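Me: Could you take a close look at the salt bridges in this model and walk me through them?

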Amino acid sequence: MQANLDATLASFRDAIRQAGDSRTPLRLRGGGSKDFYGQALAGNVLDTRAYRGIVDYDPAELVITARCGTPLAEIEDALAARRQMLAFEPPHFAARGQASAATLGGAVAAGLSGPRRQSVGALRDFVLGAQLMDGKGEILNFGGQVMKNVAGYDVSRLLAGSLGTLGLITEVSLKVLPTPFDDATLRFAMSQADAIDQLNKWGGKPLPIAASAWHDGELYVRLCGATAAVCAARDALGGTNVDGSHALQLWSALREQTHPFFAPAHDAARALWRIAVPPVTKPLDLPGAHLVEWGGGQRWWIAPDDSAASADQVRAIAQAAGGHATLFRNGDKSVGVFTPLSAPLAAIHKRLKASFDPAGIFNPQRMYSGL
């Protein structure tokens, strides 16, 4: 098996060097479950799925290391067998009726986190180390397998959300967490403004709130932790208890965007915006459907067909609140999927790109024009 893995890595190196010599763009791709995310796709596909497998898993140290092509489902199954999990809940975005194609490398490159991000942090916060094949076909190692290993740690985290524009992530070490002993979900009937206000009040108290979501007049709060803490919080908060199986379906649907709110966004004509703002921000003055997550910090907005709001207007509203807006699915990507960078930040991005990918072959333009 090791010989096959070495041969696969060698084939990656050859493809990258040939692409660099000819200045031919390469499209780094795992299962393709995040193809919709980012700017237009370009380049010859370099499929990473052959380079797969868990390299090391130490439940006692709460660390797992795996190759880029390893299916997320395989990693999650291995962790579940030891009552552990990827606490940041990376979405799979499996096509309806199909098994998940999501890979570890793709998850890290996309940098997306699920509902629990509110309480545990983002994917990048769990990256301990990474191995990268750069534009010269050379293997670079950053970070390690323990939180105290600081050398190169920021570079490892830099790869999270880079959409493969800096190089081919070949291996990643992630921190994992134990599965909570107890789990409960409560439902409250309230307006969006009241929900945001209430979530911020609860956020200042020692409550085991793992996730929250508001949509269409209903607020859902997920409690996770020790049984005594969950029971005490449930008594203190009130609300209506949601049946366990229905609660799991709810949080999974939010994570995978199969919740009814997201249904219009599966129509290529409807734009789905992801707006990050301070949790205390009042409801945004945008017509259309809204869904609020992460204690008020993440706002999803689906623009109505007749919406006159332009990308500049949406971003101006987000900026006025101290946040930013991302065109997550569909829409006119010529306006830029991500908020345009200021000149100083754009210069930093260009220098980073040139350092890791001097020929500019990795997923060109996937994040920003000119990169």
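Reply: Happily! There are 14 salt bridges in the structure, a salt bridge being a side-chain nitrogen of Lys or Arg within 4 Å of a carboxyl oxygen of Asp or Glu. Please keep in mind that this is a predicted model, where local features need pLDDT of at least 70, side-chain atom pairs count only at pLDDT 80 or more, and totals for chains, interfaces and linings use all residues. Residues are numbered from 1 along each chain as its sequence is written, and side-chain values use heavy atoms, with hydrogens and water left out.

Let's begin with Asp35 and Arg27, whose closest N and O atoms sit 2.9 Å apart in a salt bridge. Arg27 is buried at 17% relative accessible area, while Asp35 is partly exposed at 22% (buried means under 20% relative accessible area, exposed over 50%, partly exposed in between, with a 1.4 Å probe and protein chains only).

Next, Arg52 pairs with Glu74 at 2.8 Å, N to O. Arg52 belongs to the loop between strand S2 (44-47) and strand S3 (54-58) and Glu74 to helix H2 (residues 72-80), so this salt bridge ties together parts 22 residues apart in sequence. Helices (H or I, at least four residues) and strands (E, at least two) are DSSP runs, numbered from the N terminus. Arg52 is partly exposed at 37%, and Glu74 is partly exposed at 29%.

Finally, Glu89 and Arg222 form a salt bridge of 3.8 Å, N to O. This pair links distant parts of the chain, 133 residues apart: Glu89 lies in the loop between strand S5 (84-85) and helix H3 (104-110), and Arg222 in strand S12 (residues 218-225). Glu89 is buried at 10% relative accessibility, and Arg222 is buried at 6%. Both belong to a network of salt bridges with Arg116 and Asp183.
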